[in-house]
Amino acid sequence: WPAQAALIHEINQLKRERDAVILAHNYMTPEIFHGVGDYVGDSLGLAKEAARSKAKVIVQAGVHFMAETSKILSPEKTVLIPDLRAGCSLAASITGADVRLIKQRYPGLPVVTYVNTTADVKAETDICCTSANAVQVVEWAAKEWGVDRVILIPDEFLARNVAAQTNVGIIAWKGRCEVHERFTADDIADMRAAYPGAEILAHPECPEDVLAASDFAGSTAAMIDHVTARKPKQVVMITECSMASNVAGDVPGVQFIGPCNLCPHMKRITLQNIRDCLVHMQYEVTVPEDVAERGRLAVQRMVELPP
Ligand code: 13P
Ligand code: SF4
């Protein structure tokens with residue numbers, strides 16, 4: 001702990017010297033989330049903050065697609081990620097060339113893309129979405145294009161979960177989040193048997209039967225809001241492990257019980273490499289301007305939709 005406290009102190013000083021802000025995803029470990037994050041939130045919140053921030057430098061305490069999104073929205077800023085290997089199984093599941101083929105197969109349909117994608121994929125996209133706004137974005141796109149089906153890629157489970165909540169037809173892809181696909185309906189049944197009064201919250205990247213067996217489904221920010229508002233005695237968060245630790249610090253009196261899965265990509269970000277990132281101004285994330293320009297419209301459309 002003294003070593004961590006010293007790193008936190010050093011990072012907070014470096015941020016002032018560099019005119020930097022740290023945008024930290026809800027899956028960061030508590031010492032990053034509570035100790036050095038200037039803005040903490042879900043993917044949607046981080047994208048909005050990247051667009052709003054006045055700092056010269058953005059340090060993305062999250063994964064690579066989030067840093068690319070920040071760069072797309074703020075081309076004039078220096079965007080750094082502490083470890084370039086922090087990827088995402090969903091972003092790796094599809095390329096820009098794949099999207100071009102899908103568009104050839106379904107001409108005239110709008111392409112809605114989860115933000116968990118590379119800049120190349122965003123460049124082929126009409127509007128982005130996150131798990132917090134996917135239903136709203138799909139319905140907006142169908143209305144705007146005057147069609148009854150939309151392409152929603154790449155998360156197969158998010159697509160199925162959205163399809164269950166709208167009359168708009170969904171054309172999906174086969175990408176999966178390696179963290180959320182591992183939860184099963186049996187996990188939920190085990191929790192119900194062991195803790196009958198517990199509220200069970202699940203992320204929309206989970207399989208449909210997991211969500212059907214849960215009490216609430218929502219993005220990481222929606223889960224935090226739900227627990228903060230209702231303060232249930234016991235909570236199960238069917239998502240990445242750091243979520244429960246982070247919320248526990250803010251909502252005393254709530255008991256958080258398992259199961260949870262670790263995201264190996266998010267866990268590449270540490271206090272030590274955040275410090276090194278600010279000292280050496282590494283690793284810069286750039287997006288070619290022609291790609292960024294095409295992706296920007298898709299991300300901006302999402303960010304500018306009414307809440
Ligand atoms: P949200 O924070 O948007 O819920 O996304 C979860 C996630 O898996 C991000 O990688
Ligand atoms: Fe990607 Fe899943 Fe990790 Fe999020 S939790 S970065 S969606 S692999």
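This short talk walks through the domains of the structure, its two ligand sites and a few annotated residues.

Before the details, please keep in mind that this is a predicted model, in which local features need pLDDT of at least 70, side-chain atom pairs count only at pLDDT 80 or more, and totals for chains, interfaces and linings use all residues. Residues are numbered from 1 along each chain as its sequence is written, while chains are lettered from A and ligands numbered from 1 in the order in which they are written.

Let me begin with the overall division. The protein is split into domain 1 (2-87 + 267-280), domain 2 (91-175) and domain 3 (185-262), with bounds that come from an automatic or database domain assignment. Between the C-alpha centres of domain 1 and domain 2 there are 28 Å. Where these two meet, domain 1 gives nine residues and domain 2 gives eleven residues to the contact, and two residues are in contact if their C-beta atoms, placed from the backbone, lie within 7 Å. On the side of domain 1 that touches domain 2, α3 (43-52) and α4 (64-73) each supply at least two residues, and α4 provides the largest share, four residues. Helices (H or I, at least four residues) and strands (E, at least two) are DSSP runs, numbered from the N terminus.

Now to the ligands. Which residues surround ligand 2? They are V63, C88, S89, L90, N116, C177, E178, V179, E240, C263, H265 and M266, where near is taken to be a C-beta atom, placed from the backbone, within 6 Å of the molecule. This shell holds seven nonpolar, three polar and two charged residues; Ala, Val, Leu, Ile, Met, Phe, Trp, Tyr, Cys and Pro count as nonpolar, Asp, Glu, Lys and Arg as charged, and the others, Gly among them, as polar.

Three cysteines of that shell also appear in a record, since an unreviewed UniProt entry places a "binding site" at C88, C177 and C263. They span 176 residues in sequence, yet no two of their C-alpha atoms are more than 9.3 Å apart, so they gather at one spot. UniProt positions are given in the numbering used here, with shortened feature names, and annotations may be inferred rather than shown by experiment.

Taking two of these in turn, C88 sits in the loop between β4 (78-80) and α5 (96-105), and C88 counts as buried because it has 22 C-beta neighbours inside 10 Å. The cut-offs are 20 or more other C-beta atoms within 10 Å for buried, 12 or fewer for exposed, and partly exposed in between, with C-beta atoms placed from the backbone. C177, in the loop between β8 (169-171) and α9 (185-194), is likewise buried, with 26 such neighbours inside 10 Å. Leaving aside neighbours within four places in sequence, C177 is in contact with S89, L90, D155 and E205.

Ligand 1 has a shell that includes N116, S131, C177, E205 and T220, and by class this shell has three nonpolar, seven polar and two charged residues. A second "binding site" annotation, again from an unreviewed UniProt entry, covers residues including H25, N116, S131, P204 and E205. H25 belongs to strand β1 (residues 20-25) and is buried, with 25 C-beta neighbours inside 10 Å. P204, for its part, lies in the loop between β9 (199-202) and α10 (208-213), and, not counting residues up to four places away in sequence, P204 touches S131, L158, N161, L211 and A217.
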